[in-house]
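Dear colleague,

I am handing over the structure we spoke about, with the sequence alongside. Please have a look at it first, and then read on for the notes.

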Amino acid sequence: MVYIGPAGPFTQECARFSTDFYKGVLLARLLDAENARDSFIFLSYQKLISKPIQELNLLNRETKDKQDIIMIFNSIINHIHLEIKDMLGRVNMKELMISLYSMSSYMTKLHFYMDIVSRGELTEKKIHDTDYFDLDEKTILISLFVNKDDCASIFNSWRGFDKAVIQTLFYQLEINKLNYGKDPIDLNVLIQLYNYGSTLVTLINERELVTSGFYHEPIVRVFENDIIINGEMTSRRSQLLKNANDNQYKEGLVQYDKEIMEKLDFGIFKQYGFKASTLDKAFGNKLTSRLLKHQRAYVIIIEHKKLVQLIRNEGKCSREEAENVIKYFTLEDNEIDKRYDSFEKYDSRLLEHPVVRFDDKHYYFSYYLMIYAIFILKTKIVYNLVKLDINKNSRIIQKRIKEKFEKQILDTISPYMDHSKLNVQKFCCDVNGKNREINLKYQMDVISVRGNKLYLFECKDITYKFTALGIRSDIHKTLKFIDNLHGKMDEIIRYQEELTIFFGAQFEEIVPVLVFKHYNATGISEIDCRGVSVFSFTELKDWINWNF
């Protein structure tokens, strides 16, 4: 069953063919899995942008001016946005909401198993033997398993792209201002709408990337049905995704650390009115409830009071806490126009706020989407992407996470160095027979000395999604870290005599190294790193093996 709830007889079919549609999207891609540019998406993109390029008189335009580049992309984005609005004004929005919500829920479930397969934890035999997957799903998962070593980065990019598309489409719906057209929803409507969403996401990603600093002097050329950046199609961007996948430093996810979440629970409750432990009890490892007669579905239309009861019974919490859970996870419209923005800038996003209003008394609800939203919330809190009102526990946890990574760097480089120290800031040394206490302006994460060189390692455990907006954040943060490293180098020069005594070794040259836990977009970009080597943890190990 894909749908539970009160609605017309066509609703079950709407929910079902939307899941069939998404399987079709993945199957079509698998036929072209090794192509750097996904032809299934790209051909629709070319067709849809050709009309605004012609009508807006953008054909054969070439520019390197940043504002002109933004104008070109935004003009086409606005044209596509208006096409979507015209289409939405004609269709039955209740049926469309059921279809898109069902697709989102199914997508989240299938992506979960794709991730397990790509890590090699679900084998071809297990996929083939189970009755849990249908024939199309088995084809998708087995193809992923067989090609995971060569095409994992492509599969991962599909998942991120599709999540961006579905959240962009939900923004376009304006759920609290729904107009009700008469045209029924069918497969052709879904295909057209998905192509529109794909085109918007592609245009926004390209604009963000070309204006992010990734290219030193970007040149944009507009052809009849494509926009070319620096003469490239997708070669460098495809390489970026491949590197991100191949160099990923794998470790256990911190958000599942019970001790950490217990420390944070007070802050979560103080800020949001509910505990992470309540969410775990209510939804952890569950796909249904006794209140739903143990039925499973991708879309559940549930009455407000029944959802409160479900959270209270399963989460063992008060009515007030259950109401706060619903309030936090309910999707809201954006207060200002964000048609030109990446979905990451939306105030409210489906995959983080999956409880969607059906009417004044009911919601669309999905266990698959809710579990994923809880995962995102925990991740953001642990990595300090959501600021809690408390400081003490947050600082303790951030310090614990960062120190763990710094210790990994120290353990990795120490065997190749003459001397190594962790977290150098305050130290004592004997200068001209007098004991001096030195308090540096900055804390140095890891300092090592080998020969006549001092190696200064700055360790960053942050990571960004490999969307264009994530790359922009990646580059901008990296530039700030490079500035900070140069400040630390100045401090080392200022106290060179004292540090020489402290280490018991002379040094004449400083080698600054910025190390990220995960792959960083800077390495393949054209930004000026000002003499600082920038590595992922995996790349650092390769660099050590090559140089020492």
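Below is what was found, going from the helix contacts to the nonpolar cores and then to a sheet. Please keep in mind throughout that this is a predicted model.

To begin with the helices, α1 (residues 11–30) and α6 (residues 135–173) have axes that come within 10 Å and cross at roughly 90°, and the two helices are therefore roughly perpendicular to each other. On the α1 side the contact is made by Tyr22, Lys23, Leu26, Leu27, Arg29 and Leu30, which meet Asp136, Glu137, Thr139, Ile140, Ser143, Phe155, Trp158, Phe161 and Asp162 of α6. Sorted by kind, the residues of this contact are eight nonpolar, two polar and five charged.

A second crossing involves α10 (residues 276–283) and α11 (residues 304–315), whose axes come within 7 Å at an angle of roughly 100°, and that makes α10 roughly perpendicular to α11. Here Thr278, Lys281, Ala282 and Phe283 of α10 are in contact with Leu310, Ile311, Glu314 and Gly315 of α11, a set that divides into four nonpolar, two polar and two charged residues.

Turning to the interior, the largest nonpolar core holds 120 residues, of which Ile76, Leu96, Leu100, Phe170, Leu203 and Tyr364 touch the most other members. Helix α6 gives the most to this core, with 15 residues. If residues up to four places away in sequence are not counted, Leu100 touches Ile166, Leu169, Phe170, Leu173, Leu190 and Leu193. Another core, of 37 residues, lies apart from the largest one, and Ile260, Leu307, Val382 and Ile401 are among its members.

Finally, there is an open sheet of five strands with mixed pairing, in the order β8-β9-β10-β11-β12. Its edge strands, β8 (419–431) and β12 (533–536), each pair on one side only, and neighbouring strands of the sheet are turned by 35° against each other on average, with direction ignored. Within the sheet, β10 (residues 453–460) and β11 (residues 509–516) run parallel and are joined by eight bridges, with Leu456 standing opposite Pro512 in β11.

Two helices lie across strands of this sheet: α16 (residues 496–503) lies across β8 and β9 (434–450) and runs at about 105° to β8, while α17 (residues 537–547) lies across β10, β11 and β12 and runs at about 115° to β12.

With best regards

Definitions and conventions:
Residues numbered from 1 in each chain as written. Predicted model: local features only at pLDDT ≥ 70, side-chain atom pairs only at ≥ 80, totals over all residues. Heavy atoms only, no water. Axes fitted to C-alpha atoms, helices over the stretch in contact; angles between N-to-C directions. Helix = DSSP H or I, 4+ residues; strand = E, 2+ residues; numbered from the N terminus. Parallel < 35°, antiparallel > 145°, perpendicular 65-115°, else oblique. Contact = heavy atoms within 4.5 Å. Nonpolar A, V, L, I, M, F, W, Y, C, P; charged D, E, K, R; others polar. Core = buried A, V, L, I, M, F, W, Y, C linked by side-chain atoms within 4.5 Å. Buried < 20%, exposed > 50% of the residue type's maximum accessible area, 1.4 Å probe, protein only. Pairing = 2+ DSSP bridges.
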